[in-house]
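Here's a quick briefing to read alongside the model. Grab a viewer and follow along, topic by topic.

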Amino acid sequence: MGHGWSPNDRESLNSGVEHDPDSYDVRVVEGNDSIDSYFSRTYKPTKDVIERHADFFHGLDDILSVHVLGHSLSPVDIEYFERIARHIDINNTSWIVSYHSEHSKKKIFDTITNLGVPASLCRLEKITYFEI
C-alpha cells in the first residue's frame, strides 16, 4: 500500500467535517485521522524507490528468465515492471507469470505483452502450479 499517489494529492477523510462537537462523532474523526496517518506513513514515492535501487535494475542485463509469482500486475506497480523490461534483453528473456483465477489471466498476459515481452516468451501458470 502507499504506491502510486502522494499524500499531498489525497484529501483527508475529515475534509469538510465541521469541527463543532455537536455535529460530528469524535470516534469517526479520530478513526479517519488514524487512516490518514497510516496512508501518509506508508506512502512510497515510486520514482524515488526505483532511482534508489538503480544499481539493481542496471544489473539485470544477464537475466534469462523473469518469474512473477502472486502479483496482480496492477497499474500502480507497472513502473517497476517497465524498468525491469527496460534493463533485460526483452526479446530473449522468458517470463513465467502466475495468475490466481481464469478471470485475471488475460489481463496479466496483456500487461506483460504490453511491456514489450513477445507472447512466445510469456508463460502463465496458475499459482497452485508453484505450490510445494
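A quick word on burial before we start: a residue is called buried under 20% relative accessible area, exposed over 50%, and partly exposed in between. By that yardstick, F130 counts as partly exposed, at 26% relative accessibility. Keep in mind that this is a predicted model. The tour below starts with the strands, then moves on to the core, the salt bridges and the aromatic pairs.

**Strands and crossovers**

- Strand 2 (residues 94–99) has five of its six residues buried, so the rest of the structure largely encloses it.
- On one side of the pairing list, strand 2 runs parallel to strand 1 (residues 65–68), with four bridges between them. In that pairing, V66 of strand 1 sits opposite W95 of strand 2.
- Strand 2 also pairs with strand 3 (residues 122–126), again in the parallel sense, over five bridges. Here I96 stands opposite R123 in strand 3.
- Helix 4 (residues 78–87) joins strand 1 and strand 2 in a right-handed β-α-β unit.
- Helix 5 (residues 102–114) does likewise with strand 2 and strand 3, making a right-handed β-α-β unit.

**The nonpolar core**

- In soluble globular proteins, nonpolar side chains tend to be buried together.
- The largest nonpolar core in this model holds 23 residues. Those with the most contacts inside it are F81, I84, W95, V97, I112 and L115.
- Which elements give two or more residues to this core? They are helix 2, strand 1, helix 4, strand 2, helix 5 and strand 3.
- Helix 4 is the top contributor, giving five residues to this core.
- Take I84 as an example: setting aside neighbours within four places in sequence, I84 is in contact with F57, L60, V66 and W95.

**Salt bridges**

- How many salt bridges are there? The count comes to four, and three of them are worth a look, starting with K47 and E79.
- The closest N and O atoms of K47 and E79 are 3.0 Å apart. K47 is in helix 2 (residues 46–52) and E79 is in helix 4, so this pair ties together parts that are 32 residues apart in sequence.
- K47 counts as exposed because its relative accessibility is 56%, while E79 is partly exposed, with a relative accessible area of 27%.
- R83 bridges to E51, with the closest N and O atoms 3.3 Å apart. This pair also links distant parts of the chain, with R83 in helix 4 and E51 in helix 2, 32 residues apart.
- Is R83 buried or exposed? R83 is buried, with a relative accessible area of 15%, whereas its partner E51 counts as partly exposed at 47% relative accessibility.
- E125 and R123 also meet through their side chains in a salt bridge, at 2.9 Å from N to O. E125 is buried at 18% relative accessible area, and R123 is partly exposed at 36%.

**Aromatic pairs**

- A search of the whole structure turns up two aromatic pairs.
- One of them is F56 with F57, an edge-to-face pair with 5.2 Å centre to centre and 80° between the planes.
- F56 counts as exposed at 52% relative accessibility, but F57 counts as buried at 6%.
- Y129 and F130 have ring centres 5.1 Å apart and planes at 85°, so this pair is edge-to-face.

Note on methods: Residues are numbered from 1 along each chain as its sequence is written. This is a predicted model: local features need pLDDT of at least 70, side-chain atom pairs count only at pLDDT 80 or more; totals for chains, interfaces and linings use all residues. Side-chain values use heavy atoms; hydrogens and water are left out. Buried means under 20% relative accessible area, exposed over 50%, partly exposed in between (1.4 Å probe, protein chains only). Two strands pair if DSSP finds at least two bridges between them. A crossover is right-handed if, with the strands pointing away from the viewer, the path from the first strand over the helix to the second runs clockwise. A nonpolar core is a set of buried Ala, Val, Leu, Ile, Met, Phe, Trp, Tyr and Cys residues joined through side-chain atoms within 4.5 Å. Contact means heavy atoms within 4.5 Å. Rings of Phe, Tyr and Trp (its six-membered ring) pair if their centres lie within 6.5 Å; planes under 30 degrees apart count as stacked, over 60 as edge-to-face and the rest as tilted.
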